[in-house]
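Visitor: I would like a close look at one part of this model, namely its charged side-chain pairs. Please take me through them with some care.

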Amino acid sequence: MNATLAPVDTKTRILDAAERVFSQDGFDGASLRSITAAAQVNLAAVNYHFHSKEALFSAVIERRVRPINQRRLEMLDAIPGKPSPEAILDAFVRPPFELSSKEHSVVRPLMARLLSVPRELHTRLIEENFGPLLNRFVDALAEALPASPREELQWRMFFVVGAMTQTMAWGPIMAKFIDGKPNLADVEALTARLVRFGAAGMRAPASDLPNTRVNQ
């Protein structure tokens, strides 16, 4: 007897379709009409579940980010003893690279689109999905590197996030300028390179850096 697949509920169907359309057309280029056509639902269904295009985009991002962040925290909590910068950064970098390697046709363009949404929406998405998470990782780095000012660790974590995001979003373009045709699906190699780069930056002395605070 053949197993029958359970029908996909309307909300999930809308999210699946929106993810594809946003990845292909970007936030500005995607319309609710194109999303409803792809999901085979009417506009009332989208309005009922999400109310606006901004809320729908937020839900698409949150659905992808939530399991990644959960895995990050699981790996961070599983580090034995006093954490090293390498172990902390591995916990942060590896989960999104793993997902990107498995579902690169959607995840990479979606990450690229995230960088081009309106500033207010982008700021809200970052604060909601990454604010508490980044604080957890900076706390761990402060434990690993007690001599480093927390403010400097925050800056350096920000730089690691930028390098990771650009690699995920523009990896295929970047690979054209690297000898040896790197395999972007090689999670171990990609993670090792960024972790080594980031850990060296975390350990760099901060005593001779200029004060970048804005004068009050």
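How many salt bridges does the structure hold?

Guide: This is a predicted model, and the structure holds 11 salt bridges. Among them is the pair formed by the side chains of R64 and E19, with N and O 2.6 Å apart. Because R64 lies in helix 4 (residues 53–77) and E19 in helix 1 (residues 10–29), this pair ties together parts that are 45 residues apart in sequence. R64 is buried, with a relative accessible area of 14%, and E19 is likewise buried, its relative accessible area being 5%.

Helix 4 also holds a salt bridge between E74 and R71, which are 3 residues apart, about one turn of the helix, and whose side chains meet at 3.9 Å, N to O. E74 has 40% relative accessibility and so counts as partly exposed, while R71, at 39%, also counts as partly exposed.

In helix 8, R156 and E152 are 4 residues apart, again about one turn of the helix, and they form a salt bridge in which the closest N and O atoms are 3.1 Å apart. R156 counts as buried because its relative accessibility is 9%, under the 20% cut-off, and E152, at 18%, is buried by that cut-off too.

Beyond these pairs, D90, R94 and E188 are linked in a network of salt bridges.

Definitions and conventions. Residues are numbered from 1 along each chain as its sequence is written. This is a predicted model: local features need pLDDT of at least 70, side-chain atom pairs count only at pLDDT 80 or more; totals for chains, interfaces and linings use all residues. Side-chain values use heavy atoms; hydrogens and water are left out. A salt bridge is a side-chain nitrogen of Lys or Arg within 4 Å of a carboxyl oxygen of Asp or Glu. Helices (H or I, at least four residues) and strands (E, at least two) are DSSP runs, numbered from the N terminus. Buried means under 20% relative accessible area, exposed over 50%, partly exposed in between (1.4 Å probe, protein chains only).
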